[in-house]
Protein chains: 2
Amino acid sequence: MDIPLDFLFNPKSVAIIGVSSEPTKLGTVIFNNMLSAGYEGKLYPVNPKYQDIHGHKCYPTVSEIEGEVDLACIVVPRQFVVDVVTDVGKKGVKGAIIITAGFAETGEEGIKLEKEILEEAKKYNVRILGPNCLGEIIPNSKINLSFAATNAIAGDIAFLSQSGAFCTAVLDMSLETNLGFSHLLSIGNKSDIDENDLVKSWLEDSNVKVIGAYLEDVKAGRDLGEIYRQAGVNKPLIIFKPGESAESRNAISSHTGSLAGAFEAFETAMNQSGISVAKDVDHMFNLLMSYSWSKLPEGNRIAIITNAGGPGVIATDFIIKNNLKLAALSEQTKVTLKSKLPFNASVVNPVDVIGDADVERYKNALEIVSEDTNVDVVIVILTPQLITDVQETADVVINHIKVSNKPIIPIFLGGQYVSLAMKRFYENKVPAFRDISSAIESIASMHRYNQHLKFKDTLEEHKETVVSEYLNQGKYINEVKALLSSDIKALPEDLVMKLAQEVNIDLPKQVVVSNIDEAILFAHDKYPVVLKATTEGIVHKTEKKALYLNIEDEATLRSSYSELESMLRSENAGSTNILVQEQIKVSEEIFIGAARDGGSHVYEEGNKGFGHLLAFGKGGIYTEVYKDIEYSLVPSTKLNISDALSKTKIFEIINGARGKEKLALGALIDTILAVQKLVLLYPCIESLDINPLMLTEDRAVTVDLKIFIKE
Amino acid sequence: MDIPLDFLFNPKSVAIIGVSSEPTKLGTVIFNNMLSAGYEGKLYPVNPKYQDIHGHKCYPTVSEIEGEVDLACIVVPRQFVVDVVTDVGKKGVKGAIIITAGFAETGEEGIKLEKEILEEAKKYNVRILGPNCLGEIIPNSKINLSFAATNAIAGDIAFLSQSGAFCTAVLDMSLETNLGFSHLLSIGNKSDIDENDLVKSWLEDSNVKVIGAYLEDVKAGRDLGEIYRQAGVNKPLIIFKPGESAESRNAISSHTGSLAGAFEAFETAMNQSGISVAKDVDHMFNLLMSYSWSKLPEGNRIAIITNAGGPGVIATDFIIKNNLKLAALSEQTKVTLKSKLPFNASVVNPVDVIGDADVERYKNALEIVSEDTNVDVVIVILTPQLITDVQETADVVINHIKVSNKPIIPIFLGGQYVSLAMKRFYENKVPAFRDISSAIESIASMHRYNQHLKFKDTLEEHKETVVSEYLNQGKYINEVKALLSSDIKALPEDLVMKLAQEVNIDLPKQVVVSNIDEAILFAHDKYPVVLKATTEGIVHKTEKKALYLNIEDEATLRSSYSELESMLRSENAGSTNILVQEQIKVSEEIFIGAARDGGSHVYEEGNKGFGHLLAFGKGGIYTEVYKDIEYSLVPSTKLNISDALSKTKIFEIINGARGKEKLALGALIDTILAVQKLVLLYPCIESLDINPLMLTEDRAVTVDLKIFIKE
């Protein structure tokens, strides 16, 4: 199998440029790391100052090396990097890791330098990892081309980090828990090779079981989701990305913007693709460990075995909080437990084997409970009591895991005394925990992932919207594009109406009239009606008396019409045309919005951003108060949307709470799908707000729609 | 100073009843633990089987001991415990720790036995700790009367646990972090000495700096809050109590009940008294460590010093999430930092000292940043980079903490490599963390506690409601009590009205009439009005056409009246009297409720429960949807209530969101205070719902009020 980044992960020969005689210099550290990793290919130190170094022949330049070179590792001062890249290119080297810092991360001059390097590399088809990175560790290839203080343990986790520091912290954590990596890469400024290249490669690599990534920004977010979805393999991908609270979200303009920041777009995109989002460092590490070492739970029914009541109750709280269930043990299980446990033990879940439980009692309980078909996961809690043999109990758990087909997760509470048991667990590759909440969060994450695997195929079958079919195909695309600039701009009302009609958004019946007779003709079978000024520039209609509500009969229509008309005259409005509209009765007010993450070309490959995030939930005056909004990313299927919608709190009312009539859910979903179609027909739509949409038992009427465009 | 539980914490002589020759028996373990703790008082083993044991003279009974005995520790089989207690009583011993299990926790027979023991103990004025407990460790008194596997380190934390297992887990954790205890007690079934006795004693004990408690149930909750408040000392109390998700809350009857379970009552009571509630084991442990070792933060402005960008961003996220602030460093600080740090370092908060930071650079940054008057807390983040000397950096932090008057909290990310630094921190009593979220949660908790200390005095000044002044003083108390039974019962509508008027709850103007003329007379200046049937038994008025809304004029009043009257006749209702009421215009719908935790005597000392929990927030159809409800416990001051109210989301609208008029907040608070008065005048009120209350710009009108009573 040809892995596209083979030159990076499995090079037959490596040149390190910038090795010196000083032992603390980074080049030397990397050279020594490579030697102690036991690299079996050809290793060439390069430095024009030396002929020999650390007992190896040293080359003045890469091009002067006799044999082929697959990979170069560049550790020279930044002003020399361009020349080295040229030399590397001329030699025909396939890739270069640039450790050196001082480029795009430091400002303008650095950005310029980095650009030069990239141009040079492209000229010779050299792929670049970095610059400004820690390097890479590939235990299976016996490669440690990094300046990390230690090597990594070999395993099946592929991990990439946009921060070198984060990489070393994870590495240090992994040594303590014996967690192994297939790849550990620091991608630095990711000027060329980025998370998408690596994830794509690792999804195809059968030696990789779990992929983890620490990202500070996402390069081409839509592509990442697509890569993961299209690979179609069952390989968990866990991403940790801080910046949730960043001020950046304040920079977004529209109403939708303030609700849907970049973090929501990221999170929605990840969830929709089945990628797990970790919420902090520990959480990410625990997930890497759990996915690497544990079986996946088949369901959400958790059994607890404990030698103390309190921790059982605590675990129950966290199980409920994480949307898991306390398993209901079968009668048979209870009878068998009763026969094996002392009289005062509890044989309902949580199973309490009592403080004086010895190894045998834990063993019996574990065997019986894990056999129960009502149980998907078994948690084994231990507190170090006088009689407890912590280490032997650990061995019982370890041995049982080897023969069981269910995840068995030990939680040993304590410090010094249980640390020896933890060591035993880690040596045997058992994901074990010292705190209850972390353990249960990890189980919940694995359960969600497994749910996603089951849901995935259903989703693929329901794939309705093919982006390319709609992209820029709007009837009025030229008219809209003519208005486009680099500033955010609101579309004029008449164009908004045309767009809404194009995608069949249900609008109040209305007509623009120039005299009272036309108004009366339109209104006669539609009372109550509303009168509105149509003139541009009068944005907040109520403030200027340009809006008349609740017109119940012809007399009121006449008087309101004449008042509005005189106002328009006295204001010297460009036109005295007036909009007559059926008044929609107040019902459940719903909000629908769309906000684009990225530019107007976001749907074309390689562009930054996730595309349009659809947002929907409670509208009206409570929109901002309750922020009862859920998200779905374009392209979404009907299933995605109804799934997200069912997570809003207002769904309870839409669905007919407490004996009330159900509202027109189907019409609401159709409107959201229409909005999705609209932003694809016109990807230059930067944001869009429907607020309110009036949802009755039979209609979903869009009362107010605003559309903003931007390049 | 006479500490009431001195016989328990500082006994001059101790008898252990049930010491045997077998080394693994609990009595022997405790005896040996006491010896190795270096107890300096007189220690008497008691067992009729032996004359000598482990080289000590053994006594057949306690009464045969020559000298005085302050404390007995009973470890005999359960059937012998009563007799031993009698013997202990006769000897004049002040207290007994009963280790033996098999009492109230095992069912009926055990409950009976435990009762017998207590009766016997009371006869002789012997105080009891336990039964069914691990015992106690009092390091300062060199006492280890427990069967824990190890002794505790001496310190200033007093900790009690309702679970022996939890106690051993905390003990094991404390050994790893070098955390010291003044007291470590397992209270078992707390048949006599309970959390309130211990907390009261520890609040007075100057050797105790922090109090921690693990509770599975709270014995007399109102008293606990009172004890803590009345002590008036600045001593943090942290309680961890699982059971948040217990099914118990489903057992509660009324509307309020489903929103306010026992856990909310507990949490509100704790918060209102300034007691911290921990959310899991680790959280509790971290708080004990932080309060014991750290200074309290004066404010919420946090500065971060880090050698890596990523973790700085992560920390920022958690700071915002925990309602803390990123400190804005002064210009002077930035200038000084610039002069001491390399060009590419960041001198705005988070201060990034860059990956190659050595000890000196950390030292400089720490000195400069902690001097800044805009900074209340400094977090020092380290990731183990090649150049980093982890342990020396730890020493820099430790030394700076000794001279700084601000909390300095280190977070060292990693595993194996940083564990040595952690050890150094713990040896020097520095609260240090290996994960970012835990550190920041601890800081946030300390900040909240300090805020409470400042708020406390203001609260005491505003103490308006003295419970005893109102208790059972309602005008209609006899009438209400006559209806009382052990079942929940709704008060009849006329009595509800009388009670509401007694406390000046603003109700719609109304009158009960027996003919149409009276109705017309009342309604003439109040249209629109509402007609309602008054007959009992017609509960859901709309379903039976017993409610007529929107009556705008006399003609409609006449026709509706006659329809309603005939319906009542045809239904053979007891009376054809009809209620005419002004119709309150639809405005912001508010919910107010009260639910009693405990029985109708909960306000008398020593009773179980927290009293009435007031609940308020969004009403109408969104009450259950958004559960936008905050709580306040009776007795609450105006300040308590307005503080809680300001935490609801609907407060934004009450307070005049986006240029809208403010609603009648004062009238709303008065109504909540009226409800508080009502439940004190009638403590037999089990629950009460106002839903909705219509809140306009000038009124808070109670449209629907239901009151339920129970013994």
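How many helices and how many strands does chain A have? In this predicted model, chain A has 25 helices and 30 strands.

**Chain A as a whole**

The C-alpha atoms of chain A, taken along the principal axes, fill a box of roughly 100 × 80 × 40 Å. Chain A contains 711 residues, of which 59% count as buried. Consider the contacts in chain A between residues at least 6 apart in sequence: 72% of them join residues at least 24 apart. The area that chain A exposes is about 28,600 Å², and carbon and sulfur atoms supply 49% of it. Chain A also carries 71 positive and 96 negative side chains. The centres of these two sets lie 2 Å apart.

**A sheet in chain B**

Strands of a sheet pair through backbone hydrogen bonds, in either a parallel or an antiparallel manner. In chain B, seven strands form an open sheet with mixed pairing, in the order E9-E8-E11-E10-E12-E13-E14. Strands E9 and E14 of chain B stand at the edges and have a single partner strand each, so one side of each is left without a neighbour in the sheet. On average, neighbouring strands of this sheet are turned by 25° against each other, direction ignored.

The table gives the residue ranges of three strands of this sheet.

| Strand | Residues |
|---|---|
| E8 (chain B) | residues 135-138 |
| E9 (chain B) | residues 143-146 |
| E14 (chain B) | residues 276-278 |

Strand E8 of chain B pairs with E9(B) in the antiparallel sense, over four bridges. Within this pair, Gly135(B) stands opposite Ser146(B) in E9(B).

Definitions and conventions: Residues are numbered from 1 along each chain as its sequence is written. Chains are lettered from A and ligands numbered from 1 in the order in which they are written. This is a predicted model: local features need pLDDT of at least 70, side-chain atom pairs count only at pLDDT 80 or more; totals for chains, interfaces and linings use all residues. Side-chain values use heavy atoms; hydrogens and water are left out. Helices (H or I, at least four residues) and strands (E, at least two) are DSSP runs, numbered from the N terminus. Buried means under 20% relative accessible area, exposed over 50%, partly exposed in between (1.4 Å probe, protein chains only). Contact means heavy atoms within 4.5 Å. Accessible areas come from the Shrake-Rupley method with a 1.4 Å probe; for residues, only the protein chains shown count as cover. Lys and Arg count as positive and Asp and Glu as negative; His and the chain ends are not counted. The place of a charge is taken as NZ of Lys, CZ of Arg, CG of Asp or CD of Glu. Two strands pair if DSSP finds at least two bridges between them. Axes are lines fitted to C-alpha atoms, for helices over the stretch in contact, and angles run from 0 to 180 degrees between N-to-C directions.
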